[in-house]
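Grab the viewer and work through these exercises at your own pace. Try each task before you peek at the solution.

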Amino acid sequence: MKSVLIVGAGFSGAVVAHLLALDGFNVVVADDRDHLGGNCHTYRDDASGVMVHKYGPHIFHTDDAEVWDFVNRFATFKPYVNRVKTTVGGTVYSLPVNLHTINQFFDKSFSPDQAAEFIADISEGIESPQNFEEQALAFVGSDLYEAFFKGYTKKQWGVDPVELPSSILKRLPLRFNYNDNYFAHRFQGIPEEGYTHIIEQLLDHSSIKVELGKTISRSDASDFDHVFVSGPLDAWFDYSKGELGYRTLDFEEIRAEGDFQGCAVMNYGDESVPYTRISEHKHFAPWESHDKTIAFKEYSRACGRDDIPYYPIRLVNEKAMLQKYIDLARNEKNISFIGRLGTYRYLDMDVTIREAMDAAICFIAADKKGLPVPVFFVEPL
Ligand SMILES: Cc1cc2nc3c(=O)[nH]c(=O)nc-3n(C[C@H](O)[C@H](O)[C@H](O)COP(=O)(O)OP(=O)(O)OC[C@H]3O[C@@H](n4cnc5c(N)ncnc54)[C@H](O)[C@@H]3O)c2cc1C
């Protein structure tokens, strides 16, 4: 029986491990953390009884019916609609910026058409926007940009919005109706028993051995017929071409009785407030009831080598460095890179799972036909 090593027990590694085990492979899954689930890890907080999303709130949303069916085999998903609020200049508004936000902000009672006309009037006539700021000004004008986009973007990415590409804002980031459902996907929910429970079940197979608290390096790879790496691409090559840029997050815990902020996520748009948002985790499980509460202030900053990488930056310099790592990876034998860290891309959970399913299917087919296995199943650039 062929043996496969999978680096990382997040959704990428767990889905590949599950499908390979079902097909008869012997699989070892190793993760350097002491728990399963990667960045989707959830645990029940002892003091409050609340299910906590350790690395920031995770809401499952997708249009991919196959992925939705797949995850529903391992969990009971409770319906959940992500409704985010933001505090700007001491006032609370609804996000994404919608008709309610516009009417409240400008103290109007516009109809959808009137609001669209008003925004068209106040937006700035910039012909070919060269950066994020110009693109936002062209779409929404300076008042909405300053209030809802500028400060938050600066805090999140640590750079002035004029240094970010205009492509970040592909479409008009406003809604001319009262729809405050953050996501536009057909399926949306949160698993009743958390995400770690799904990962546990994916890995619960007699041909899968899980090793937690174990860091895998390139020299461990030769003991296996094939290795899937869902850890960072640059770390795998000992940062020989430099460090790919990420943003990391710091979480400051808040404990209280009852209800701390009355909603799951409250953003803070003002640059003068050092954190980007506060998430109160009991509100991600409205079907539960708890007397105590736990919330987290979230701070974004540049990621050092010893920090947890969260959001890949992927600006021009990072992409040039990424190309060097892609070239190195293509010279490897019997190794594939998967997931958000292995391909240095931001991936939602549904995309992560879809790509992992496709990678496993491709690997199994290649193995049966004696064909080479791709180093990347999806092009990282
Ligand atoms: C703040 C935040 C909020 C998010 N919210 C949502 C959301 O609401 N909805 C949504 O769909 N998606 C969300 N996501 C995206 C989601 O977190 C990812 O889709 C998912 O975590 C990707 O899984 P993965 O397995 O590729 O990576 P990971 O979850 O990072 O798993 C990789 C694992 O590999 C381990 N590892 C790395 N290197 C090594 C090594 N050398 N040896 C051993 N182990 C190693 C890591 O420690 C980690 O446990 C969010 C992401 C962030 C950052």
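What follows is a pair of exercises on a predicted model, one on the ligand and one on the cavities.

**Exercise 1.** Work out which residues hold the ligand and how much of its surface the protein buries.

*Solution.*
- Step 1: start with the neighbours. The ligand is surrounded by 34 residues, and Ser12, Asp32, His58, Leu347 and Met349 are the closest.
- Step 2: sort that shell by class. You get 16 nonpolar, twelve polar and six charged residues.
- Step 3: place the shell on the fold. α1 (11–22), β2 (26–31), α9 (339–342) and α10 supply at least two residues each, with α9 giving the largest share at three.
- Step 4: look at N and O atoms. Backbone atoms of Leu347 and Ile216 come in at 2.5 Å from a ligand oxygen and 2.9 Å from a ligand nitrogen, respectively. The side chain of Arg340 has an N or O atom 2.8 Å from a ligand oxygen.
- Step 5: check the cover. Alone, the ligand exposes 1,000 Å², and the protein buries 95% of that.

**Exercise 2.** Find the cavities of 30 Å³ or more and describe what lines them.

*Solution.*
- Step 1: count them. The whole structure has two.
- Step 2: take the largest, at about 80 Å³. Its lining includes Ser12, Phe337, Leu347 and Phe377, and helix α10 (residues 349–369) gives the most, four residues. By class, that lining is seven nonpolar, four polar and one charged.
- Step 3: move to the second largest, about 50 Å³. Among its lining residues are Met51, His53, Ile190 and Trp287; β4 (51–53) and β9 (187–191) each supply at least two. Here the split is six nonpolar, three polar and one charged.

How values were computed:
Residues numbered from 1 in each chain as written. Predicted model: local features only at pLDDT ≥ 70, side-chain atom pairs only at ≥ 80, totals over all residues. Heavy atoms only, no water. 1 Å grid on protein atoms, 1.4 Å probe; cavity = no way out; pocket = protein on both sides within 12 Å on 5 of 7 lines; lining within 4 Å. Points joined across faces, edges and corners; volume = space filled by probe spheres on them. Nonpolar A, V, L, I, M, F, W, Y, C, P; charged D, E, K, R; others polar. Near = heavy atom within 4 Å. Polar contact = N/O pair within 3.5 Å; in protein donor to acceptor, adjacent residues only side chain to side chain. Areas by Shrake-Rupley, 256 points an atom, 1.4 Å probe, with all protein chains shown as cover.
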